[in-house]
Amino acid sequence: MVDLVVLLTGLVVILLVLVLLLIKRRTDITRDLHYVQHKLNAIMDQDSTEKVLRHTDGKQVQTLLIAVNRLLDANRKTKSDYIRMENALKKMIANMSHDLKTPLTVVLGLTETMTQGSTADDPAEQRRLSLKVHEKTLDIIHLTNQFFDLARMESGDRPVPLSKINLSESCRSSILFYYEEIEAQGLQVEADIPEEPIFVYGNEDAIGRALNNLLSNAIRYGRDGGVVGISLTEQGDHVSIEVWDRGKGIRQQDQARVFERLYTLSDSRNQAHQGSGLGLTITKRLVELMEAEISLKSIPDEKTVFTIRFAKVRF
């Protein structure tokens, strides 16, 4: 009988210890949850960048803290992306307003001159002014098209179907398109394009536009170097197109940002030709849509090279 009493007493003690342990654990969890709630409210109210840190032995609370901090990180990234997008939008509106205002002001001045009648008896002057109006109107259309093309590409509304294309022919066509302009600028042309066809998966329109953008930039900003070049080479499993010039170049601190939307250099490699900051962004998007990559390497006053790299097609 005594043994039974001792046994029962022992069981009661064990049960009491277990109950106390459960109560303590529950109290600790409740305290931890209250702390997490309080800390989260403080972080949200103060828009703080803190994380919720709490030393605890509770595995469930530890798992909760990990999830909460991941959500806080995601929320901060979303806010950062939103602020960056908002700033980019403001800059885009400012740049677009400025870039549209300039040709529109010129057009307004020209049309006022034409309508005032001072040139009515001079057909040659009327024609010259009309051509200027036409030229500036084309500039406005080109800038507007750039803006909407980039918006369509970024929204996925402009598909770029891929097929086997001859890069040798694309490079030749692009350099021939600008050959007269290059000669008119007094520049030399160095073209290293193999006679035999080199094929990749891409899009003829996209690669043509990308090359035209790069060649146009090389002519416009690299004329001080007196030479513009394009080369097409096979390197292992890849095919590379290089468009280069020996002009003023791009400083190291600017090279990582030239492909950003609406980013223009402080001197735009030539202040007289500062653009809207859309051309290289469009080029990069087109290259990426062809599952290729583009990079820049520039040594100011020596050589500036834009490289488009495709995976080689094997037959």
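Glutamine 255 lies in helix α7, which spans residues 252–255. The model described here is predicted. Glutamine 255 has 11% relative accessibility, so this residue counts as buried. Its side chain reaches the backbone oxygen of isoleucine 250 at 3.0 Å. Leaving aside residues up to four places away in sequence, glutamine 255 touches Ile250, Leu296, Lys297 and Ser298. Ile250 therefore appears both as a contact of glutamine 255 and, through its backbone oxygen, as the partner of the glutamine side chain.

**Overall make-up**

The protein has eight helices and seven strands. Of its 315 residues, 34% are buried. Take the contacts between residues at least 6 apart in sequence: 67% of them join residues at least 24 apart.

**The α6 and α8 pair**

Helix α6 covers residues 204–221, and helix α8 covers residues 279–289. The two pack at an angle of about 150°, with their axes 9 Å apart. The cut-off for roughly antiparallel is over 145 degrees, and α6 and α8 are therefore roughly antiparallel to each other. Their crossing is left-handed.

From α6, the residues in the contact are Ala206, Arg209, Ala210, Asn213, Leu214 and Asn217. They meet Gly279, Leu280, Ile282, Thr283, Leu286 and Val287 in α8. By class, the residues of this contact divide into seven nonpolar, four polar and one charged.

Burial in α8 takes in Leu280, Thr281, Ile282, Thr283, Leu286 and Val287. Several of these names recur from the helix contact: Leu280, Ile282, Thr283, Leu286 and Val287 in α8 meet α6 and are buried.

**Two loop residues with positive phi**

Most residues other than glycine have a negative phi. Glutamate 291 has a positive phi of about 60° although it is not a glycine. Glutamate 291 comes just after α8, in the loop between α8 and β6 (293–299). Aspartate 301 also has a positive phi, of about 65°, and is not a glycine either. Aspartate 301 sits in the loop between β6 and β7 (303–311).

Both residues can be set side by side.

| Residue | Phi | Loop | Relative accessibility |
|---|---|---|---|
| Glutamate 291 | about 60° | between α8 and β6 | 67% |
| Aspartate 301 | about 65° | between β6 and β7 | 60% |

Exposed means over 50% relative accessible area. At 67%, glutamate 291 therefore counts as exposed. At 60%, aspartate 301 counts as exposed too. Glutamine 255, at 11%, counts as buried.

Definitions and conventions
Residues numbered from 1 in each chain as written. Predicted model: local features only at pLDDT ≥ 70, side-chain atom pairs only at ≥ 80, totals over all residues. Heavy atoms only, no water. Helix = DSSP H or I, 4+ residues; strand = E, 2+ residues; numbered from the N terminus. Buried < 20%, exposed > 50% of the residue type's maximum accessible area, 1.4 Å probe, protein only. Polar contact = N/O pair within 3.5 Å; in protein donor to acceptor, adjacent residues only side chain to side chain. Contact = heavy atoms within 4.5 Å. Axes fitted to C-alpha atoms, helices over the stretch in contact; angles between N-to-C directions. Parallel < 35°, antiparallel > 145°, perpendicular 65-115°, else oblique. Left-handed = near helix turned anticlockwise from the far one by under 90°. Nonpolar A, V, L, I, M, F, W, Y, C, P; charged D, E, K, R; others polar.
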